[in-house]
Amino acid sequence: MKNVLILGVNGFIGSSLAWKILKKTDWNVVGVDLSDGKIPHCLKSERFVFHRKNVVDDADFIDAEIRKCDVVVPLVAIATPSLYVKDPLRVFNLDFESNLLIVKKCVEYKKRIVFPSTSEVYGMCPDKDFDEYESNLVLGPVAKERWIYSCIKQMLDRVIWAYGKHEGLSFTLFRPFNFIGPKLDDIKAPKEGSSRVLTQFAHNIINGKPIKLVDGGLQKRAFTFIDDGVECLLKILENKNGCAEGRIFNIGNPYEEYSIKALADILIESFMEYPEYAERARSVKIENVSSKDYYGEGYQDVSRRMPSVKRAEDELGWKPSTNLRRAIKLTLDYHLLGKDYELETGGAQQ
Ligand code: UGA
């Protein structure tokens, strides 16, 4: 039995991970967040304790919670590219400074940390797929603010690695690759550029706005369904025979690589399956926009981002199994029909 502390439990990964833990293990979860809208089912569990707190404001509280738990999963961060460009210092304050304090607490109290690195650390790496121990991390110039997030995460990866190697910190670093799913961003809210691509496109279709392809939409991503992602995280937390100890894992779905243009086409086709939205999907306009106009001068894109998941497959015994169309269907079922796959038996698999 474990006591898992999830900071940012109401986020996309946090909410799904907490539910998966409660459903599949006998562990206890303490969750901290500013709000609880994504975790109503977790709140009903006797093994879940929720604290409505700001991780940044209440250092004494966080200190006490870290002391009490076995493993910390700190998921509080800004992870939206437009904000890297528009507000890089906010990204630095939250993603770097507040997380560094948490890492140091884990060192002090000898707690295991399972830390979210990011696919963004590989930047513009030219490798055909990105390997955790071999690939170079390739960032653009300082004047391209987009890279601040990648650089912050890389620095934290290096700090955690060094604490592990030189001061005995127990850790695993994981790198999510374009996780998608129902609770990614608020589909009703996004302003242009304020959420990740799938949410933005879905929002635009629902609201009769054109889909905008940045620089033609030829850039590619490998899309990973959240349920597959948190299955992998569960294996990391379980850490059977120390299989995840001191290791770095990409968590992605290399079998589901698509260009952003192809994503738009598949999403439009998927919308056609919902009679109420079919007409809006049929008539949606697709426009090209330059990255400079869409994000601003400080943006630079990643043209291809392909994970190698060989290490996660071999060392953790995990493999992603949900394809993009199925992931989109489960996401649209949630937003358009109010159906939550997490509450239904069978999970994401068909
Ligand atoms: C994102 C974020 O940096 C992180 O949340 C995370 O580490 C990473 O994904 C990940 O999940 O692996 P990115 O893939 O660039 O990075 O983010 P999206 O906003 O989802 O954009 C994907 C692509 O779609 C980009 O090339 C972007 O230019 C394009 N896009 C986005 C459009 O063509 N149109 C839009 O309206 C929005």
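1. Start with the ligand. Its surroundings comprise 27 residues, and those that come nearest are Ala-79, Thr-118, Ser-119, Glu-120 and Arg-221. Keep in mind that this is a predicted model.

2. The shell around the ligand is mixed in character. It divides into 15 nonpolar, 5 polar and 7 charged residues. Several elements contribute at least two residues each: helix H4 (81–86), helix H7 (197–206), strand E8 (211–214) and helix H11 (291–295).

3. Next, the polar contacts of the ligand. A ligand nitrogen atom sits 2.7 Å from a polar backbone atom of Lys-212. Two arginines use their side chains. An N or O atom in the side chain of Arg-221 is 2.7 Å from an oxygen atom of the ligand. For Arg-305, the distance from a side-chain N or O atom to a ligand oxygen atom is 2.9 Å. The protein buries 97% of the 720 Å² that the ligand exposes when taken alone.

4. Now the packing of the protein itself. In soluble globular proteins, nonpolar side chains tend to be buried together. Here, the largest nonpolar core has 66 residues. Those with the most contacts inside this core are Ile-6, Ile-21, Phe-48, Leu-233, Ile-236, Leu-267 and Phe-271. Leu-233 is worth a look: beyond its sequence neighbours up to four places away, Leu-233 touches Ile-13, Leu-17, Val-114, Phe-174 and Ile-251. There is also a second, separate core of 31 residues, which includes Phe-61, Val-107, Tyr-149 and Ile-160.

5. Is Thr-224 buried or exposed? Thr-224 has a relative accessible area of 0%, so it counts as buried. Thr-224 belongs to strand E10 (residues 224–225). Leaving out residues up to four places away in sequence, Thr-224 touches Phe-177, Asn-178, Phe-179 and Ile-180, as well as Gly-229, Ile-251, Gly-252 and Asn-253. Ile-251 is thus listed as a contact of Thr-224 and of Leu-233.

6. Gly-123 is a loop residue to check. The loop in question runs between strand E5 (112–116) and helix H6 (147–167). Gly-123 is nonetheless buried, because its relative accessibility is 2% and the cut-off for buried is under 20%. What does Gly-123 touch, not counting residues up to four places away in sequence? Its contacts are Val-138, Leu-139, Trp-147 and Val-302. Glu-145 lies 22 residues from Gly-123 along the chain, and 13 Å separates their C-alpha atoms.

Terms used: Residues numbered from 1 in each chain as written. Predicted model: local features only at pLDDT ≥ 70, side-chain atom pairs only at ≥ 80, totals over all residues. Heavy atoms only, no water. Near = heavy atom within 4 Å. Polar contact = N/O pair within 3.5 Å; in protein donor to acceptor, adjacent residues only side chain to side chain. Areas by Shrake-Rupley, 256 points an atom, 1.4 Å probe, with all protein chains shown as cover. Helix = DSSP H or I, 4+ residues; strand = E, 2+ residues; numbered from the N terminus. Nonpolar A, V, L, I, M, F, W, Y, C, P; charged D, E, K, R; others polar. Core = buried A, V, L, I, M, F, W, Y, C linked by side-chain atoms within 4.5 Å. Buried < 20%, exposed > 50% of the residue type's maximum accessible area, 1.4 Å probe, protein only. Contact = heavy atoms within 4.5 Å.
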